[in-house]
Amino acid sequence: MEDDKNISEINADGQHIIDNKALNFTEALIPVVILMGFLAYNIFFADGEMFGAYSNQYILLIGACVAAVVGFYNKVTFKRMLQEIWENLKSVFVPIMILFLVGALAGTWLVSGVIPAMVYYGLQVLSPEIFLPASVVIAAVISIATGSSWTTSATVGIALVGIGTALGINPGMIAGAVISGAYFGDKMSPLSDTTNLAPAMAGTDLFTHIRYMALTTVPTIVVTLIVFGILSATTETTGNADVSNLLETIKTTFNITPWLFAIPVVVVGLILLKTKPLVALLAGVFLAAIFAFVFQPHVLNGLGDSKISTILTSILTDIQITTENEKLNELFASGGMQGMLWTILLIICAMIFGGVMDGIGALARITKALLSVASSIFGLFASTVISCLGLNVIASDQYLAIVIPGKMFKQAYEDKKLAPENLSRTLEDSGTVTSVLIPWNTCGAYQSGVLGVGVSEYFMYAIFNWLSPFTTLLFAALNIKIRQLRSK
C-alpha cells in the first residue's frame, strides 16, 4: 500500500512534480546510475547495438523497470507510476504527430521538387566560405520569427543540410550550425513556449526575461558565429568542382522553378500567423502533393505505375530518386512517416522512464539534494545548471528540465535576494538549449531524426548549445550583471 503521508504533489504549468519523503537520495540515483551504465556500455563497447537497432529504447525501459522496483520498495503504487507515465505521454502526443508529419513533409517535398529546388538555388548562393555562419543566421532568423527550433529544422534545416552536403561540408558541422541558430532564435523569440515557460516558473515577466537573457545569449552567439566563420574558411570541401555538374543533374531530374518556393512560404506564413504547427505542416504536405502532380509528373511516373500511389508511398514509407550523381542519390531519399518510427519510439520510452522517475519522487529528491549544497550565490547558479542538465538526461524532456528546477529553486533565489530573472535566464541557458545534446531526450531525438544527423555527429558543433551553460556560470562566477531584488 502507498503511504500517503510520504507523498506530496506540486502542479506547475500542467506538470506534476511528485515529492516522496520516504525516498532517499541514494535510492533516487539507483535507476540513473544503471541507466547511464547501460548507455555508456552501449555507446563505447557495443557500437550502439547492445540489444539491436533499438538498444536505446530497451535501455530506457530497463531503467524504468529499475525505477519501478525502487518505487515499490518505497510503497509507491503502480497506479501512481502509470498516472505519471500517462501524463508524460500526453505531453508528447502533439510532438509525435509533428514528427509523423515531418516525415510526410520530407517525402512530399522531395517528389514535388521543393527540396531539390532549395538545393539548386542554394548551391548558387551559399558558397563554402560563408556557408556555416550563414546557416546559423538563417536558422536564427526563421526561429525568432516562428518561435520554434523544431519548425526551423523541419523546413530550412533540412534544406541547409542538403545544400551543405552537396558542397562537401561535414553534415555534423551543418547540423550544429542549424541547431545553434535555431536554439538562439527559440530562446530570444517571444513566441517560443520555453521562453514563456521559464519566466512563468521563476516569477518574472516575459520581456524582462528576454532582455536579461540577451546579456548571456548575445555574447554566446557572437562566439558561435566566429567559430563557424573560422570553420568555413578552413574546411576543405569537395563540392566546388562538382557544383556545375550537380546543378545540371538536378535540373535534368526535376522541373526546377521558383514557384516551388510557394510551399515553404505558405508553411512559414501560417506559423507566423500563429496557426497550429500540425495544421501548418499538414498544409505543407497537401500542397506538396498537388505541386508534385503539376510540376513533377515525370518523376512520379518514374517511381511507380500510379502517381497517387507514389505520393502515398512518399508520405508513408521510403522513397528514393536515382540520379547520375551519388551525392544526390544520398540526398534525394526519404523515409516518410516510417522513417520517424525509431525517433518516436525513443521519445515514448524516454517518457516512460521519466514518468516512473517522477512518479516515485526521484526527480524531486535529486533536485532537492542539489539545492541543499548551494550555500553561495555561485553555488546556487551551479546547482540550477546541474539540475537542468541532469533532468534533461533523466527525465528526457526540456519542459521538465525547466519546470522542476524552476519550482524547486525559486525560493532559494529569493532568499539570496536575487531577482527572479536570474533564475529564468539560468533555466533557459541550461535547460532549453542542452536538451538537444541528449540522444534520448525528446529534442535530441527529434533533431537527429529530422536532420538525418546523429547527436554524436553534431554534438561538438552545436557550439551555442553547450557553450550557453558555461557562459551563464562565467557571469555568475565573475558577478557580471547579477541583478538583486529591489527593496520594497
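A: A residue is called buried when its relative accessible area is under 20%, exposed when that area is over 50%, and partly exposed in between. The model discussed here is predicted.

Q: How should this be read for T384: is the residue buried or exposed?

A: The relative accessibility of T384 is 0%, so this residue is buried. T384 belongs to helix α19.

Q: Which residues does T384 touch, apart from those up to four places away in sequence?

A: T384 touches F409, Y413, L423, T426, L427 and S430 once residues up to four places away are set aside.

Q: Where does L287 lie, and is L287 buried, exposed or partly exposed?

A: L287 is part of helix α13, which covers residues 277-295. Its relative accessibility is 24%, and because buried requires a value under 20%, L287 counts as partly exposed. Outside its neighbours within four places in sequence, L287 is in contact with I263 and V266. The C-alpha atoms of L287 and P264 are separated by 9.7 Å, with the two positions 23 residues apart along the chain taken as their separation.

Q: How is a residue in a loop to be described, taking S189 as the case?

A: One starts with its place and then turns to its surroundings. S189 sits in the loop between α8 (171-188) and α9 (193-202). With 0% relative accessibility, S189 is buried. Its side chain reaches the backbone oxygen of I144 at 2.9 Å. Beyond its neighbours within four places in sequence, the contacts of S189 are S143, I144, G147, T195 and I210.

Q: Which residues are in contact with Q447, leaving aside its neighbours within four places in sequence?

A: The contacts of Q447 are S149, W150, S153, I179, Y183, V436, G452 and Y458. Q447 lies in helix α22 (residues 442-451) and is buried, with a relative accessible area of 0%. Q447 and G162 are 285 residues apart in sequence, and their C-alpha atoms are 15 Å apart in space.

Q: How is the geometry of a helix read, and what span does α1 have?

A: The distance from first to last C-alpha is set against an expected value. Helix α1 (residues 25-44) has 20 residues and reaches 28 Å, close to the 28 Å expected at 1.5 Å a residue. At P31, α1 bends by about 25°. N24 caps its N-terminal end, with a side-chain oxygen 3.1 Å from the backbone nitrogen of T26.

Q: Which residues of α1 are buried, and what covers them?

A: The buried residues are E27, A28, P31, V32, L35, L39 and N42. Their cover includes α2 (55-73), α17 (341-359), α18 (362-372) and α19 (377-394).

Q: Where does α10 bend, and which residue caps its N-terminal end?

A: The bend of α10 is about 45° and lies at A214. D205 is the cap: one of its side-chain oxygens lies 3.3 Å from the backbone nitrogen of F207. Helix α10 spans residues 206-234, and its 29 residues reach 40 Å, close to the 42 Å expected at 1.5 Å a residue.

Q: How is empty space found, and how much lies in the second largest pocket?

A: Rolling a probe the size of a water molecule over the atoms shows where empty space is left. In this model the second largest pocket holds about 730 Å³ of space. It is lined by 29 residues, of which N56, W342, P439, V455 and S456 are the closest to its centre.

Q: Which helix gives the most to that lining?

A: Helix α1 gives the most, with 6 residues. At least two lining residues come from each of α1, α17, α22 and α23 (455-458).

Definitions and conventions: Residues numbered from 1 in each chain as written. Predicted model: local features only at pLDDT ≥ 70, side-chain atom pairs only at ≥ 80, totals over all residues. Heavy atoms only, no water. Helix = DSSP H or I, 4+ residues; strand = E, 2+ residues; numbered from the N terminus. Expected span 1.5 Å × (residues − 1). Bend = angle between axes of the 7 residues up to and from the residue. Buried < 20%, exposed > 50% of the residue type's maximum accessible area, 1.4 Å probe, protein only. Contact = heavy atoms within 4.5 Å. Polar contact = N/O pair within 3.5 Å; in protein donor to acceptor, adjacent residues only side chain to side chain. 1 Å grid on protein atoms, 1.4 Å probe; cavity = no way out; pocket = protein on both sides within 12 Å on 5 of 7 lines; lining within 4 Å. Points joined across faces, edges and corners; volume = space filled by probe spheres on them.
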